[in-house]
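Q: I have a model open and would like to learn to read its features one at a time. Could you walk me through it?

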Amino acid sequence: MKNIAKVLMSITCLVLLTIFTTGCADKIDKKTLRQEQERLAEYTIQKFEGVKKIEFTSFEQNTSSRTWSADAIINDTYYVTFSINKIGDNEIGIGHHVEDSGGRVLKQKSSANIDSNNVKIIYWEG
């Protein structure tokens, strides 16, 4: 009977250890969170016209797909969601919430001139 209890206790400990290590492995610190938002802001400024303000409203990981997403409001008008497969990944997707944006979407730039000095960025702190 004592051997069965020891085996069950060992299995329970292994399961809990696995849950804690896999559940916490993809957490990011505040510095990395800020850097990723800066990267998304730079991407937006490079790709779209007339960006004057970017306000991030969330930044989180989908636990089932392991992809990251960040919601933002651009110029108080355009509602978007950025998606990246992993932190630091160069492939950035952007989804426009057209209905929330009153039927409008951001216009893509024809040239890649960057002037990020005049853009107000409000970061999501988590």
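**Reading strands, helix and core**

A: Happily! Let's begin with strand pairing: strand E1 (residues 53-61) and strand E5 (residues 120-122) run parallel and are joined by three bridges. Keep in mind that this is a predicted model.

Q: Which residue of E5 does Glu55 stand opposite?

A: Glu55 faces Ile122 in E5.

Q: In which sense do E1 and strand E2 pair, and over how many bridges?

A: E1 pairs with E2 (residues 68-74) in the antiparallel sense, through seven bridges. One place to look is Phe56, whose bridge partner in E2 is Ala72. The two strands form a hairpin with six residues between them. In that turn, Arg66 has a positive phi of about 65°.

Q: How many helices and strands does the protein have overall?

A: The count is two helices and five strands. Along the sequence they follow the pattern α-α-β-β-β-β-β.

Q: How should I read a helix such as H2?

A: The general idea is that an α-helix has 3.6 residues a turn, so residues three or four places apart point the same way. Now for the case here. H2 (30-47) has 18 residues and spans 26 Å from first to last C-alpha, close to the 26 Å expected at 1.5 Å a residue. Its buried residues are Leu33, Glu36, Gln37, Leu40, Ala41, Tyr43, Thr44 and Ile45.

Q: Which strands do the buried residues of H2 pack against?

A: They pack against E1, E2, E3, E4 (93-96) and E5.

Q: How do I recognise a nonpolar core?

A: In soluble globular proteins, nonpolar side chains tend to be buried together. In this model, the largest nonpolar core has 22 residues. Those with the most contacts inside it are Leu40, Val51, Ile54, Phe56, Phe59, Ile74 and Phe82. H2, E1, E2 and strand E3 (78-84) each supply at least two residues of this core, and H2 gives the most, with five.

Q: Which residues does Ile74 touch, leaving out those up to four places away in sequence?

A: Ile74 touches Thr44, Val51, Lys53, Ile54, Val80 and Leu106.

Q: And what do the figures for the whole protein say?

A: Of its 126 residues, 25% count as buried. The accessible surface is about 8,600 Å², and 53% of that belongs to carbon and sulfur atoms. For contacts between residues at least 6 apart in sequence, 51% join residues at least 24 apart.

Conventions
Residues numbered from 1 in each chain as written. Predicted model: local features only at pLDDT ≥ 70, side-chain atom pairs only at ≥ 80, totals over all residues. Heavy atoms only, no water. Pairing = 2+ DSSP bridges. Helix = DSSP H or I, 4+ residues; strand = E, 2+ residues; numbered from the N terminus. Core = buried A, V, L, I, M, F, W, Y, C linked by side-chain atoms within 4.5 Å. Buried < 20%, exposed > 50% of the residue type's maximum accessible area, 1.4 Å probe, protein only. Contact = heavy atoms within 4.5 Å. Areas by Shrake-Rupley, 256 points an atom, 1.4 Å probe, with all protein chains shown as cover. Expected span 1.5 Å × (residues − 1).
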